[in-house]
Structures are given as C-alpha cells and as structure tokens.
Amino acid sequence: MANFRRFRPDDLNKFSKCNLDQYTETYELGFYMQYHAKWPSLFQVAEDQDGNIIGYIMGKLESSPEVYQYSEHYLPWHAHITAVTVAPEARRLGIGRLLTQHLEVAADANNAWFVDLFVRVTNDKAIAFYKSMGYSVFRTVKDYYGDHSTDPTLNSEDAYDMRKPCKRDVKLEHIRENGEKFEVNPEDVW
Amino acid sequence: MSYSRHYRPALKSSVDVQLQTAFSDGNWQTVIRLADKRAKSLKDPYYDAIKLCAQSQLDTANDQYSVVFAVDDLVSKGTTVKDLETIELYEWACEDQIEASDYSNTFGVLRSRYVKANPRAITNGISCLQACLLHWDLVNAQQIAAVLDKASSNSNDRRPMFWNITLTYLLSISPQCPDGKQKLFGLLAFKQLEKAAVLSELAEKSNDDLADRGLRAEEELYLYYRVLAKNSSSDDYLKQILHPELGAMKQFEQGKKQLFLEALDVFEAQERWDQIFELCRQALSLMEDEGVPSYLAADWKVWKRFIAAASKKSDDEAAFEQVQQLLQTFVSTKSKTAQMYKKNIALAVLETHFRLPQSLLSSKARLDGLSPRVAQICLYLDNNYDRLSAFNDLKSYVEELDFEEFKYLLEVMIPKLAESEPTPAKSFLLKVLELKFRYLLTTCPQSRSELPSVVSETSEPSSYRCRFCGNTGISPCTSCLEAIVSSAASTRQDINKDAEFVKTIPGLDKDPRAHLSMLIGLCLIKLAKLTGKPPTGPAPPPLQETKTFRFLQAVLVLDSQLQETPNDNGLRLLLVELYLLLGCASYAYKLWTPLDVKRTIQDALSPHFFDRISTLSPSLFLNNRFIAPLWSYYTNTLRDPCPMRIWDAFSTGSYSSILDMTEYDDRLRRSCTVVMTVVEERQAALRFRGRLDDPVHESSLVAKITDDTELVNAVDYGSFTNLESRYSAAVQDLVRLGPAPSNERSHLALLTAQFRDVIDYRSPKDYKPAKQQDNLAKEHIYNIEMLSRVHESMTSFLHKTSTPAKLTSAEDALYTFTALLAGFLATALTHPRTPEPLPASIIDNITALKTVLATLRTEFNSDSLLDQLTSMHTLSCLLDIAVSIKHSVVLIGTWHEREQSRDRSGKSGCHKDIIGALKAFDGLAVKAINDVKFRIKSLKEKLGEGGWLDKILDWTFNQSDGSDDILDKAVEDVIGGRGNAEEWAGKVFESWNEGVTGWTLVKME
C-alpha cells in the first residue's frame, strides 16, 4: 500500500528502505534540499503505511544557459529526471512508473517542452521501462559515465539521453527518430 | 552577497589602481597607508573602512579588533552606512571577530538601516535580505523584506510581498521573536494573507487577472493555508479550505493534491470526520475525461481516512453504502491501472469489511467458521501471497481477528489456499505466511487466557494458558515458538530439497528461506527470554538472566542466512545490533560497513551501530576514519546558522519549502545523533588520552545546546523486520544494547562530559599567569559554579519520572554517581573547615555515592565468562566512575594543599571529614580500577588459551535440559550442520579477542 505526495525534509529520516539498497546513491543534505527548495513539485515520494519512504523521484526544471542559445545542443525549458528509486520490497508494483507520471504532470504544469533523463546504454531494463512510458533516445552521449557498469576493464560508458515530449510540444519538435545514432560529447551536455 | 574569508571582496571600481593592487595582493601596510591618504584627501568614509579592514588582517589584537569597535560605534550611534560596499568590507573583515549569533545586533542592523534609507535600491536590498537570511537573522530580514515589499508594490515581482509575509510568520514562531510579539507577528502574516485571499476572490469574480497582491501561485496558496491552520480558528480554516475558488478541491481538480492532503491532516487532528468524509468522497469521485475514475486521490491514506470517517458518521450505514459504491467504481476499472493502485483498492475493500457497522455485518454471518473478515483476508492472500509486503499489508487486520477467526485462518484457510491450484511456490510462500501469522498470534493478547495467580500482587510475570496449544507458561508461548522453529526449519529443508523451486527463487521478491531464517531467529530471541527494557526502571544488562544458548543460536542462524543473502539489509542491521549485544563490536563494524551509511542518512541510521560504541570497544576509534564521516556530515551541514539552501527556496518562491526546511534544520540541530557523535568520540579519546584539551561546550556541534533544548531522536527502524503485533515490543527494542537515544540520556551524557572537563582540567605546565593567586581564585569560583550547575542540571534530569526507563542500569549508576559527586565536590570546595561534624545532608550524599558504586560493582561482578565478555558496557561505566573519583580527589587535594600553604591558620581548605571521605572513595576507586584491570587481563589470558571454538559451540548447543534437542537439531539443519558453526564461532572469538585487546590499551587512570 502506498501514498504519493511531495517530498518533505523529514522524509530523510525514513529513507532507509530505499537508500540502504546498493543501487541507490545517498547525497549530501544540500543536494536534496536544493531540489526541495527549487522544484518542490518535481520531488515526489511514495510512502508505505508506516511512513517509510519506498520510492522517490527527484527532478528539476531548466534550460541551457542563454549564451548557448544558438548552439545546436541548446536545450529549451524542460524537466530533467535526476534520480528515481524504488525500495526492493516495493518493486513490481508500478511505483517507478507512477512517480515518473507525477513528475510529467508537474513538468506540464510548468510549461516544459519535454522531460529528459540519462541512462547507461547497457541498462536494458531501465531503457525498456522508459520506452514503455513513451520516452525515446534523443542522442548518445559518448563516455558520459566515468566507469562501466559491466566491464571493469573500461573506464567509461556511454549514456542515452532519453526524452518524452510534454503537452506543449504539439508538433513533437523535441524528439527524433534513431537518436541512438546521434552522438555528442559530454561537454555538449549541460 | 556575504563574503567569507576565502572571497576577499573587490573594492569599488572608483578606487585607484595602486590601492586596488595593494588590496588584492594583501599588502596590508601599503593599503593602510594609501587608504589613510585617500580618506583624508577625498573625505570618503569608504577609505576609512578599507583602512580598518586592512588593519584587521594584521597580527596584533589591537589592529584586528579596531574594525569591531568601528562597527559597534556605527551600530550604537544609529549611523546609516551610505553604501553597501562599505558594509560588505566590514563584514568580511569581522568574520572571525564577530560571532554569527551577534549578526542581528551588528551587520543585520546596518543592512536593515541601509535598506530603509535606500528603499528603491532593490538589488542591494535583496542582497541585504540574503545576507541576513544566511546568518539566520530573522528580525532584520523581516524588516528588510517589509521595505522591499513596499518598494516593489508596483512591480511584476511578487516575491517581496510573500518574502515579507513568510518572514513575518517565521519570526512569529522563532525564538528570535521579541518577547510578547509572537502573536502580533503571527496575526500580521495571517491578515496580509487574508487580504491577498480576498483580492484573489474579487479578481476571480470580476474576471480580473491582475490581482497583483492576491494569491496566484500554488506555493502562495500553500503558505496561506499553512499560516491559516496555525493562526485561525478551526471554523475559519474549514471555511477557507472549502472555498470554491481557492480551496483544496479547486486545486485538486487542477491536478494538485498537496493542499487536499494537508487539509485531511488538519481535519484529522481536529477530528472533523464529516469534513474528512466529504472531502475524500469528492476527491475519489473525480472522473477522468475517458469516464474512468481519477486515481489522483486513490492513495491508501485517503481510503483509510474515508472509511474511518464513514464509520464515525451518524448514519454510518448510508456512509458505508457510499464508500462501497465508490469502491465498486474503482474495482470495475482496476484492471487498467497500476499494480500499486490495485493493491490499495484491494486493501480498501478489506478495510471496509473490518469497519462495517454491526447492522451491515449481520447479513453476512459466519459460514462454517469462515467469517467475512477471514474470507476477505484469504481473498487478499490468494492474490498477493507472492508479494514481499503481503504480511505487512495484512498484519494489522489479522491481529484484529478474534481467536477463533485467527485459528481458523491458520489451521484451515491458509492450508486450503495452498491446496487450491497448488504449485511449489504457492505452497511454500503460503507456508511462510502461515508461520509468520502464527508468530504474530504469539504476540497477541487473544492467544492467551490468564491463569489466576496464587500469590496476590506478585511481581512475577503472570501465568497464561495458550489458547492455541493449551500449554501454560508466561507470554509469549514457549511451545508455540518452539513449534514455529521446528516447522520453519523443516519447511526450509523442504525448499532446499526442491531443486526446481530453488531455481525459481531469484524471480521472487525475496528468498523464502531468508524469511524462514528470520522467523527462526526471532523465535529464538524470544525463547532466549530477551525482554527488552522494563517499562519504568533502568534496563539491566540485556543478556542477564536469559537463555544465552538460544540467543547464540539466533545469532548463528541469522549470520548463516546473511552469508547466503548478503544484500538483505534488514537482516544485516539486526545482526549489527545482536553482535553489539554479544560484545563483538569489531565484527558488528564489519557487518555495518557494507551498508554504506553515509551523508544524509547518517543522522537516522548511525545510532544503530555507534550509540554506546565507545563503552563497548573504544579501540575502534583508533581508526581515524571510524567516526569521521559523522563529524564531517554535521560540520558541513550545520556550519551555517541558516537552513541549508534556504535562499534557493526564497529566490524561487517555494514558501512551503521554506517552512519545511526551517523546521527540519531546527530538528537536525537538536538531534540526539549529533550529541552521540560528540559524546562517543570524546569518551573514546578520554580512554586513550586520560584528559582532553578542548572542553565539550566549545564543540561547535553542541555549543548551543542548553538544558532547555529538547533533543530529538530520529532513528529509522524502517528496514527492521516487524512481525510483532501492536501489543508487543518491536524486535529492535529487544535487541538494542539499551534504551534508544533520548533527550534525557543525551543531556546527561553532555553534562557528564562537562563534569569531566572540570575535574580533568590541569593548567598547562608552561602557563605562568602574572597574578597567579587571582587566577587560582577565579578558577576556584569557576569550578564551584560549574560543579553546582552540573549537579543541579543532572539532578533535574534524573528526577524526571521518565528518565530511568531511558537508561541502562550502568548508565543510571554512572549519571546518578556523577550528579552526586558534582554536588559533593561543590560542597567540598565551599564547606567551611570547622571542627563541627559534617551536616547530615553531606553524610547522606556520601552514603548515596557509596551505595551507587556498590550497586554497579554488583552488576559488574560475575563469574560467568560469557557474562564478562558481553558486559563491557558495565565495565566501561564502572571505570568512568572510578576515574572520576581519582580525578576528583586530585582536584580537591590540590586545592586543599594550596589553601593550607596560603593560609596557615588551619581555617582554609577542606573539612577533615570530607578529606576522609575522599580518601575512602579513592580506595574504592583504586579497587574498582584494579578489578577492571584484572578483568581485562584475565579475559585476555583466557582468550589466549585454546579450545575456544569448542567452548563457543558448547555455549550454543547442548545447554538444554534434553527436551529442547529438537531445536538444537533445527538450528543445525538451518545452518547446514554443526561443522558450519565452527567458522561462525571463530568470528565471534576473533571479535571478542580484538575487543579485549583494545581494552588493554586503555589508560585506566
């Protein structure tokens, strides 16, 4: 059983079900507070009947700095998914999908053009999950990650920049087909 | 912008290059000379400021403080500094000289004056507001915000208006608020918001979009309702929250449910069930465009409140009909929705069956013992038995069943479910659930009937007859627990034998064998008779008077399971606590490390391992990185006086976030974990260094904590398995080394550290003050004041009726002794040296001290080797008392000798009976220290002897009276044979050895 609502700072005292999981990163307090301070509607949690946090999503709204507005890599006003996690015991219930949908609603409410996120190219499960939600690969960011998730001999891994258009993008101008083949460097990504 | 020492401010561009260069190069003598010249020739006070700032960078105190005097002068004379650059220069120069807490009386005032004098300089005004907020000077920030609000009333920027309101409200609930003004500021914020609400309403009615001073944005509305909830009557809140244009439902219809959830919280606190019912009904009735119900409100909490509200309606039958109709709408469309919502709906159906009024229940009478409630539970089980959460989802309902229903569920229905469409997975998973529910029953009152006691008012636990198995004994039922262990062990064996099923386990939510091991472990913990803390008095050593072999078996089973499922964090956390209880601190640390508890989650999770750790194994602190992450987290997080990232919330207009962040920051600064960090590290450092140079009250983390500060425990137990009913203590309360962190214990620990600072203090050898006698006299007065204060504060905490239950018995002895000793020392330093005998009050004090020490010694004295290895906490507290006595004797003795040589009349110094008592205490302390030394030496020798693996295995098995052999066998089966226990015994031995070796390094004086 779960409730979905905005994050509150005291939720940090109930993060253990999510954050003790080896695949969930724990950040400094300032990082969580920055998201809660700037984009409170894009920081959503799922809690269980005892108030334990069993999933959360952190997102932000931004555009590329003005100075890049004539660059081909310029990103207009959009929402970005920074982190999404679901506690092991609460998986297979669609909580990740529901949290993402909540963030998409908030992105629409904030007049964003699209929602984007980065995912390792080898993370087939996550890629399939996002594709099932309407996301598509917009571009491949070469050597975006400083390590490789499956091959310890490699010291980098590419990322897919995946996008889903928001309601504002009626003409679907901010997505493209075959984005996998559109390669950019990490410095082209802000 | 506020500048730190790392960011030297740039001088105004109008300043000449020569001075600019000298300033940026830090060529301070040149800056002073040039700035002086310019000040004289240009008559611009900015150059005086530059000069003072340059002086502040010189080495002498006179130079350094000249800028402070200049700032004080500006403040006290009511001067308004005419440019912001001057204030910023001063602020930069004073950063090390003026305490952040003085900001509101210094730079806050100067900035506020500047903004009032320059209301149109909006950018500078915002910069001043930010500076005040970063120093958490709410008084001046509010005044600046008020000026900015007024000055920006015609601009498009709505933030100054809401900054003003937010800060007025924050001030009203802050200790910074001037006395007697809290209500006024609260009302002021409320009235401004009320006016904004009226303007919005009028704008709405006249279709006017330009309600510039109305409520427009989502965050503005949240602020309004938060302030409303705090400052208006409940009727007013109700009226406004139901407002057709601004209210919760209007927001909800726009897809924003935050306000709706907040309204439900407020109504629940006010017990306005009719309103809860109506709000929930409306929200759950909302339909999507496609004609399907909206799931925006379909949270579990909403359903639960809706159903609870229905049960409280005067016409509950009609209310429940509405509930069921609505539920039906969701049930009919649930196939298209997320699994999570399906689960919420299924549980709402279940909840309804448990809350239905009696009149509606009558038509659904029991059929062959199967009540509608049990039938609903079975329906849920049938659909969700493979979910990891199935037990937790149903626990609260199952424990509500009466005994017959419970028994029917366990004995008839669950086996029947397993037989319908049987698969190995279904039968094994349902068996696991059946055993868990059977365990749950042992913790429920309906499982037992009390037997009349033959002795009236006995303190012995009451005797019960278990209604499930018919055996008598104390609760929980031993026979049932043993039966569960046997059954769980054999189920585990059956799973291992089913190779096909074992292959499918990785696809399940969790390995059912891990569930079974946990269940066995919990049963063994209960069979070991670990009872947790008593409800009133201090907690005795947890393994005292327990069946230790059952406890060791529990640890063995759980440890063995962890080897198989190392990512089971709940299991790992439980084992950390169990090993601490067993005295295996170094092994507990090995288990703790992979959890990677770091950064933000340390506040809630680190007490699981670090609380009381210095009393168990101080040598762990010899690793420099041991507690450093905690220190680093708090030092960075609490460095600034303001809530972290608060300006981000102000600048983006996230007003509800501002309130939340402020509340969280306040709590974090009062966290028991902060105190634990400081106290544990100091305690360990004392063990190896004897005394510390920096007094505890100078530690930045606890410097602002006073006796009145309510310290807060926020330990997160969410990952612990909880199979207990609400009538039984949670497992973490049984296996913790002592009571959880608390306000009382944290204060007592801090005060004890302060006491040690006083009695441990020795002037540095090379310190030769000019007026030594004056200095000694001041030190004497300081000691008396500090000891009296520590005595009074500790006594007042110890006298609270709730305190003993928040301490271990050893802590109770240590803190009681420290409080008494502090009082005794203060008396020793002040009582006149007369021939008259000591008054009775002092004699009583001496007697009380001896009694406390004797009690702790009794707890310490044990012939059992296992008891000795698991009672380092008691040893540590005894050693603390002994060392405190030794240092106290030196303190008083030194003073007494000094007084005697100063005044040869024989009238100064300590009373002879007090000297006599101190000598006696010294003897007791020496004896206690020798006992501790002997204990460590003897343990070390014994651990150096061979045969430990056999000894530990002997302690673990073969201890029962014969009838328990079945359990020994069950444990062996689970761990894969006794041979596998040897490796575990080796780890336990190794950890004991490491701990005792560490204690040999401890300074005992």
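Okay, one term before we start: when I call a residue buried, I mean that its relative accessible area is under 20%, and exposed means over 50%. Also keep in mind that this is a predicted model.

Let's use the term straight away. B:E811 and B:R612 are both buried, and their side chains form a salt bridge, with N and O 2.5 Å apart. Where do the two residues sit? B:E811 is in helix α40 of chain B, residues 809–830, while B:R612 is in the loop between α31 (607–610) and α32 (613–616), so this pair ties together parts that are 199 residues apart in sequence. If you're wondering about the background here, side chains of opposite charge can pair when their charged atoms come close.

Next up is B:E744 with B:K806, another salt bridge, where the closest N and O atoms are 3.2 Å apart. B:E744 belongs to helix α38 of chain B, residues 743–760, and B:K806 to the loop between α39 (772–798) and α40, so here the parts being tied together are 62 residues apart in sequence. Are these two buried or exposed? B:E744 has 5% relative accessibility, so we call it buried. B:K806 comes out at 26%, so that one is partly exposed.

Now a pair in a single helix. B:E500 and B:K503 make a salt bridge at 3.3 Å, N to O. They're 3 residues apart in helix α25 of chain B, residues 499–504, so about one helical turn separates them. Both of these residues are exposed.

How many salt bridges are there over all chains? A search of the whole structure finds 82. Some of them share partners, and that's how A:E25, A:E28, B:D596, B:K598 and B:R599 end up joined into one network.

That network brings us to the place where the two chains meet. On the chain B side, 53 residues are in contact with 41 residues of chain A. The buried area between the chains is about 4,300 Å², and carbon and sulfur atoms give 55% of that. Between chain B and chain A we count 7 salt bridges. One example to find on screen is A:R6 with B:E219, whose side chains meet at 2.7 Å, N to O. There are also 25 residue pairs in polar contact between the two chains, with both residues at pLDDT 80 or more.

Which helix gives the largest share of the chain B side? That's helix α35 of chain B, residues 655–669, which puts in 7 residues. Sorted by class, the chain B side has 21 nonpolar, 14 polar and 18 charged residues.

Last topic: cysteines. How many disulfides does the structure hold? The count over all chains is 0. Take B:C53: the nearest cysteine sulfur belongs to B:C94 and is 7.3 Å away, and B:C53 is in no disulfide. B:C53 has 0% relative accessibility, so it counts as buried.

Then there's B:C466. Why is there no bond between B:C466 and B:C480? The cut-off for a disulfide is sulfur atoms within 2.5 Å. The sulfur of B:C480 is the closest one to that of B:C466, but the distance is 3.6 Å, so it's too far for a bond. B:C466 is buried too, with a relative accessible area of 7%.

That's my tour, thanks for listening!

Key. Residues numbered from 1 in each chain as written. Chains lettered and ligands numbered in written order. Predicted model: local features only at pLDDT ≥ 70, side-chain atom pairs only at ≥ 80, totals over all residues. Heavy atoms only, no water. Buried < 20%, exposed > 50% of the residue type's maximum accessible area, 1.4 Å probe, protein only. Contact = heavy atoms within 4.5 Å. Buried area = accessible area lost by both parts, 1.4 Å probe. Salt bridge = Lys/Arg side-chain N within 4 Å of Asp/Glu carboxyl O. Polar contact = N/O pair within 3.5 Å; in protein donor to acceptor, adjacent residues only side chain to side chain. Helix = DSSP H or I, 4+ residues; strand = E, 2+ residues; numbered from the N terminus. Nonpolar A, V, L, I, M, F, W, Y, C, P; charged D, E, K, R; others polar.
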